[in-house]
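Please load the model in your viewer, with a cartoon for the backbone and sticks ready for the side chains. The stops below can be followed in order, each beginning with a selection.

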Amino acid sequence: MSERGVIGIDLGTSNSVMAHAAGGTGEEAPAIELLGVPQVTSAGSLEARPVLPSFLYIPGENELADGALKL
């Protein structure tokens, strides 16, 4: 008999998280493991982090200096 696991996804208004719990037998509660979500952390850098920000801020047209968004 194979053991099944569970994956949970919390799509929050500020942050999102994914977790995994391995299948267990008997009265033992399975350990919950947060899953890393790959995300850009700085220019040219990709890291798996357990919490993903799930919001987007779009500044108004006068909030940034001229040329601030140029690559």
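Begin with the whole chain drawn as a surface: its accessible area comes to about 6300 Å², and 57% of that belongs to carbon and sulfur atoms. Keep in mind throughout that this is a predicted model. Colouring the 71 residues by relative accessibility gives a second view of the chain, in which 7% of the residues count as buried.

Now switch to the cartoon, where you will find six strands and zero helices, so ordered that the elements read β-β-β-β-β-β from the N terminus on. If you compute a contact map alongside, then among contacts between residues at least 6 apart in sequence, 21% join residues at least 24 apart.

**First hairpin and its outer patch**

Select β1 and β2, which run antiparallel and are joined by six bridges; the two strands form a hairpin, with three residues between them. Within this pairing, isoleucine 9 has methionine 18 of β2 as its bridge partner.

Add the side chains of Ile7, Ile9 and Leu11, and show their surface: together they form a nonpolar patch with about 360 Å² of accessible area. Leucine 11 belongs to strand β1, which covers residues 6-11. Is leucine 11 buried or exposed? Its relative accessible area is 71%, and because the threshold for exposed is over 50%, leucine 11 counts as exposed.

**Around β2**

Keep β2 selected and add β3, which pairs with β2 in the antiparallel sense over four bridges. Methionine 18, already met as the partner of isoleucine 9, has leucine 35 as its bridge partner in β3. Next add β6, which also runs antiparallel to β2 and is joined to it by two bridges, with proline 53 as the bridge partner of asparagine 15.

Then centre the view on serine 16, which is found in strand β2. With a relative accessible area of 10%, serine 16 is buried, because the cut-off for that class is under 20%. Leaving out residues up to four places away in sequence, serine 16 touches Asp10, Leu11, Pro50, Val51, Leu52 and Ser54, so a 4.5 Å selection around serine 16 on heavy atoms should recover this list. Which residue's side chain does the side chain of serine 16 meet in a polar contact? The partner is serine 54, at a distance of 3.5 Å.

**The proline loops**

Move to proline 50, in the loop between β5 (45-49) and β6 (52-53), where a relative accessible area of 39% makes the residue partly exposed. Draw a distance from the C-alpha atom of proline 50 to that of glycine 36: the two residues are 14 apart along the chain, and their C-alpha atoms are separated by 4.4 Å. Beyond its neighbours within four places in sequence, proline 50 is in contact with Ser16, Val17, Leu34, Leu35 and Gly36.

For another loop proline, select proline 30, which sits between β2 (15-21) and β3 (32-35) and is partly exposed at 37% relative accessibility. Here the contacts, again not counting residues up to four places away, are with Ala21 and Ala22. Glycine 5 lies 8.9 Å from proline 30, C-alpha to C-alpha, although 25 residues separate them in sequence.

**Glutamine 39 and the salt bridge**

Select glutamine 39, in strand β4 (residues 37-42), which at 12% relative accessibility counts as buried. A polar atom of the glutamine 39 side chain lies 3.2 Å from the backbone oxygen of valine 37. Setting aside neighbours within four places in sequence, the contacts of glutamine 39 are Ser45, Leu46, Glu47, Arg49, Val51, Leu52 and Pro53.

From that list, keep Glu47 and Arg49 in view as the last stop. How many salt bridges does the structure hold? There is one, formed where the side chains of arginine 49 and glutamate 47 meet, with 3.5 Å from N to O. Arginine 49 is partly exposed at 38% relative accessibility, and glutamate 47 falls into the partly exposed class as well, at 34%.

Terms used
Residues are numbered from 1 along each chain as its sequence is written. This is a predicted model: local features need pLDDT of at least 70, side-chain atom pairs count only at pLDDT 80 or more; totals for chains, interfaces and linings use all residues. Side-chain values use heavy atoms; hydrogens and water are left out. Patches are made of residues with over 30% relative accessible area and no salt bridge: like charges are joined within 9 Å, nonpolar side chains (Val, Leu, Ile, Met, Phe, Trp, Tyr) within 5 Å. Accessible areas come from the Shrake-Rupley method with a 1.4 Å probe; for residues, only the protein chains shown count as cover. A salt bridge is a side-chain nitrogen of Lys or Arg within 4 Å of a carboxyl oxygen of Asp or Glu. Buried means under 20% relative accessible area, exposed over 50%, partly exposed in between (1.4 Å probe, protein chains only). A polar contact is a pair of N or O atoms within 3.5 Å; within protein, one must be able to donate a hydrogen and the other to accept it, and residues adjacent in sequence count only if both atoms are side-chain atoms. Two strands pair if DSSP finds at least two bridges between them.
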